[in-house]
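Subject: Structure for you to look at, with notes

Dear colleague,

I am passing on the structure we talked about, and below it you will find my notes on what turned up when I went through it. Please read them with the structure open beside you.

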Amino acid sequence: MKTKIITVALLLGFAVSTHAQKKIELTELPKPAQEFLKKYFSNTAVETVKKDAEHGEKGYEVKLKDGTEVEFWKDGAYREVDGGDKPIPTSFIPKNIKEYVAKHYPNEKITHIDYGHKDVDVDLTNKIDLEFTKEGKFIRGDKD
């Protein structure tokens with residue numbers, strides 16, 4: 001009986017999470033998201049585009065052919081760019097964050113940036129995780 005309950009709960013959870021992401025066309029993204037991709041990732045083809053309702057927040061998730069993932073808020077502003085272990089373009093990253101990384105980690109590249117509700121998380125190629133305020137002021141850094 002306990003196994004059946006767990007199985008039903010897992011299937012229900014899968015159904016809910018599957019429903020939370022719906023594949024859409026690139027042209028269905030808000031204009032700011034389309035323009036961001038065109039400006040900063042024009043050399044990489046788009047693999048999938050999904051409308052995402054993760055954690056109760058509506059937004060969009062784009063996976064590029066090179067493995068980079070870009071998430072957007074529902075208004076089309078970028079929320080996260082994740083290159084995995086590969087460096088990402090930095091021209092959209094606030095100047096003071098780029099300057100901090102260049103000064104303190106001159107041999108490292110940014111692989112990930114994530115705008116949370118209160119802070120900005122930046123990961124480097126050496127697995128260091130840096131945290132900044134929304135204004136780009138350094139808070140702390142942790143080795144992964």
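To begin with a question: in which helix do glutamate 99 and lysine 95 lie, and how many residues apart are they? Both are in helix α3, four residues apart, which is about one turn of that helix. Please keep in mind throughout that this is a predicted model.

These two side chains form a salt bridge, with 3.8 Å between the closest N and O atoms. Glutamate 99 has a relative accessible area of 45% and is therefore partly exposed, whereas lysine 95, at 60%, counts as exposed. The rest of α3 fits around this picture: its buried residues are Ile97, Tyr100 and Val101, and, seen down the helix axis, they fall within an arc of 95°, so they line one face of α3. On the face turned away from that buried side, α3 carries the exposed residues Lys95 and Lys103.

Helix α3, which spans residues 95–104, also gives the most to the lining of the second largest pocket, contributing three residues. The volume of this pocket is about 150 Å³, and among the residues that line it are Pro87, Ile88, Thr90, Lys98, Val101 and Ala102. Sorted by class, the lining has seven nonpolar residues, three charged ones and one polar one.

The salt bridges come to six in total, and several of the charged residues are joined up, since Glu71, Arg79, Glu80 and Asp114 are linked in a network of salt bridges. Within that network, arginine 79 meets glutamate 80 with an N to O distance of 2.9 Å, and both of these residues are buried. Arginine 79 also meets aspartate 114, here at 2.8 Å from N to O. Because arginine 79 lies in strand β5 (residues 78–82) and aspartate 114 in strand β6 (residues 110–115), this pair ties together parts that are 35 residues apart in sequence. Aspartate 114, like arginine 79, is buried.

Turning to the aromatic rings, the count is twelve pairs. One of them joins phenylalanine 36 and phenylalanine 41 in a tilted arrangement, with the centres 6.1 Å apart and 45° between the planes. Phenylalanine 36 is buried at a relative accessible area of 8%, and phenylalanine 41 is buried at 6%. Phenylalanine 36 pairs with phenylalanine 72 as well, this time edge-to-face, at 5.7 Å centre to centre and 85° between the planes. That second pair links distant parts of the chain, because phenylalanine 36 sits in helix α2 (residues 31–40) and phenylalanine 72 in strand β4 (residues 69–73), 36 residues apart. With a relative accessible area of 2%, phenylalanine 72 is buried too. Ring pairs connect these three phenylalanines with Tyr40, Tyr78, Phe92 and Tyr115 in a cluster.

A last point concerns the backbone. Most residues other than glycine have a negative phi. Lysine 127, although it is not a glycine, has a positive phi of about 75°. Lysine 127 lies in the loop between β7 (119–124) and β8 (128–133), and, with a relative accessible area of 39%, is partly exposed.

With best wishes

Terms used: Residues numbered from 1 in each chain as written. Predicted model: local features only at pLDDT ≥ 70, side-chain atom pairs only at ≥ 80, totals over all residues. Heavy atoms only, no water. Helix = DSSP H or I, 4+ residues; strand = E, 2+ residues; numbered from the N terminus. Buried < 20%, exposed > 50% of the residue type's maximum accessible area, 1.4 Å probe, protein only. 1 Å grid on protein atoms, 1.4 Å probe; cavity = no way out; pocket = protein on both sides within 12 Å on 5 of 7 lines; lining within 4 Å. Points joined across faces, edges and corners; volume = space filled by probe spheres on them. Nonpolar A, V, L, I, M, F, W, Y, C, P; charged D, E, K, R; others polar. Arc of directions from axis to C-beta. Salt bridge = Lys/Arg side-chain N within 4 Å of Asp/Glu carboxyl O. Phe/Tyr/Trp six-rings, centres within 6.5 Å; stacked < 30°, edge-to-face > 60°.
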